[in-house]
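Thanks for making the time this morning. I would like to talk through a few local features of one structure, and I will ask you to keep the sequence and the coordinates open while I speak.

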Amino acid sequence: MEFEATRHCPRWRLRTWARRSGALSCALAVAGCSGVQSALDPAGDDALRIYGLTVIMTVGATLIFFAVTGLLIYAIFAPPERRAWLGGRNTIVLGGLAFPIIVLSMLLPYGLIVMRDTDVPKAGALPIEVIGEQYWWRVRYLGEGGRPAFSTANEIVVPVGSPIALSVTAADVIHSFWIPNFGGKIDMIPGRLNRLNFTAERPGIYRGVCAEFCGDQHARMAFDVVALEPAAFEAWRENQAKPAPEPDLSLLVRGRELFRAGGCGSCHVVRGTEADGRFGPDLTHVGSRRTIGAGQFPNNIGTLAGWIANTQHIKPGVRMPSYGSFTGEDLRALAGYLESLK
């Protein structure tokens, strides 16, 4: 009876609520330490160095914070005769001068060494160009002589264990290129070419984002980084360099005719066809990509059809108009054709 009465008292309930809230907060904090978009889950050497620097700085700052807070509380509440040593000459010289000078003198060279050893260009690195546009990413893989071999969009595929040399710029406004798992963040400025180097050390799918406000749809400007084993990457690259496959079903043939009749080729290129627009994303192998809309939706016939018909409703402000005049059957054929471009 006494236990039951305690359970229903407000104080007991408040403690229970506080414990559960604390446990939930810890669980959410720990969950944020890993995943496809986390600087606390490094997937490359450079990111690991930056992560180590972050841990040392955070742990050191936390220890200093608690030590200073403890001394402050002691100075306020301790009897005057016991806290007198805090105002002594030795305490001020050692704690107020020597300690910060020694700590900062050790951290500075360590930070400089980390900066020196990260984002270093490496011989034989795979060159990739990334151009930020409102609100998507144009990705170019370079071939012999530095000329573009093929383009893709909103997805960067890299081989595991090979250094990558990214050249980034912007076509309209300032963007910022950031892949948290690979460290580093770099501005994309129109008319200026910035560079970022990294190496993926484990296969997986990681998420990159625009880290500079660039317009109304800034928060919906993401991309995937897919790290493949070298053999799988070579197979992917060989396939991407090929022209678009010919449709082999009547529905897909009709979709291609709708693509032509709708004037889609004025903005998009599909290599192997007469579509040679340069304004929008290259759609030659759009069906092989994981997402559409710059990382917003999974790539399938349903989302492709919805995107074509309601672009301005789904992502207002993008350059592509909505094509609501297509019938449901037309949309199925057109989306089916695009989905077949793998």
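In this model, which is a predicted one, strand β6, covering residues 175-178, pairs with strand β9, covering residues 204-210, in the antiparallel sense and over two bridges. If you look for W178, you will find that its bridge partner in β9 is V209. Strand β9 also pairs with strand β10, residues 222-228, again in the antiparallel sense, and here the pairing runs over six bridges. In that second pairing G204 stands opposite A227 of β10. As a general reminder while you look at these strands, side chains in a regular strand alternate between the two faces of the sheet.

Let me move from strands to helices. Two packed helices are described by the angle between their axes and by the distance between the axes. For helix α3, residues 45-77, and helix α5, residues 89-117, the axes come within 9 Å and cross at roughly 165°. Angles over 145 degrees count as roughly antiparallel, and α3 and α5 are therefore roughly antiparallel to each other. The crossing of these two helices, α3 and α5, is left-handed.

Which residues make this contact between α3 and α5? On the α3 side they are D46, R49, I50, G52, L53, I56, M57 and I64, and these meet F99, L107, Y110, G111, V114 and D117 in α5. Sorted by character, the residues of the contact of α3 with α5 divide into nine nonpolar, two polar and three charged.

I would now like to turn to the backbone, beginning with the loop between α5 and β1, where D119 lies. Phi of D119 is near 55°, which is a positive value in a residue other than glycine. With a relative accessibility of 32%, D119 counts as partly exposed.

A294, in the loop between β11, residues 291-292, and β12, residues 297-298, likewise has a positive phi, of about 60°, although it is not a glycine. Is A294 buried or exposed? At 1% relative accessibility A294 counts as buried, since the cut-off for buried is under 20%.

The last item is a peptide bond, the one from Q134 to Y135, which is cis in the model, with omega near -5°. Y135 is found in the loop between β1, residues 126-133, and β2, residues 136-142. I will stop there and take your questions.

Technical notes
Residues are numbered from 1 along each chain as its sequence is written. This is a predicted model: local features need pLDDT of at least 70, side-chain atom pairs count only at pLDDT 80 or more; totals for chains, interfaces and linings use all residues. Side-chain values use heavy atoms; hydrogens and water are left out. Axes are lines fitted to C-alpha atoms, for helices over the stretch in contact, and angles run from 0 to 180 degrees between N-to-C directions. Helices (H or I, at least four residues) and strands (E, at least two) are DSSP runs, numbered from the N terminus. Angles under 35 degrees count as roughly parallel, over 145 as roughly antiparallel, 65 to 115 as roughly perpendicular and the rest as oblique. A crossing is left-handed if the near helix is turned anticlockwise from the far one by less than a right angle, and right-handed if clockwise. Contact means heavy atoms within 4.5 Å. Ala, Val, Leu, Ile, Met, Phe, Trp, Tyr, Cys and Pro count as nonpolar, Asp, Glu, Lys and Arg as charged, and the others, Gly among them, as polar. Buried means under 20% relative accessible area, exposed over 50%, partly exposed in between (1.4 Å probe, protein chains only). Two strands pair if DSSP finds at least two bridges between them.
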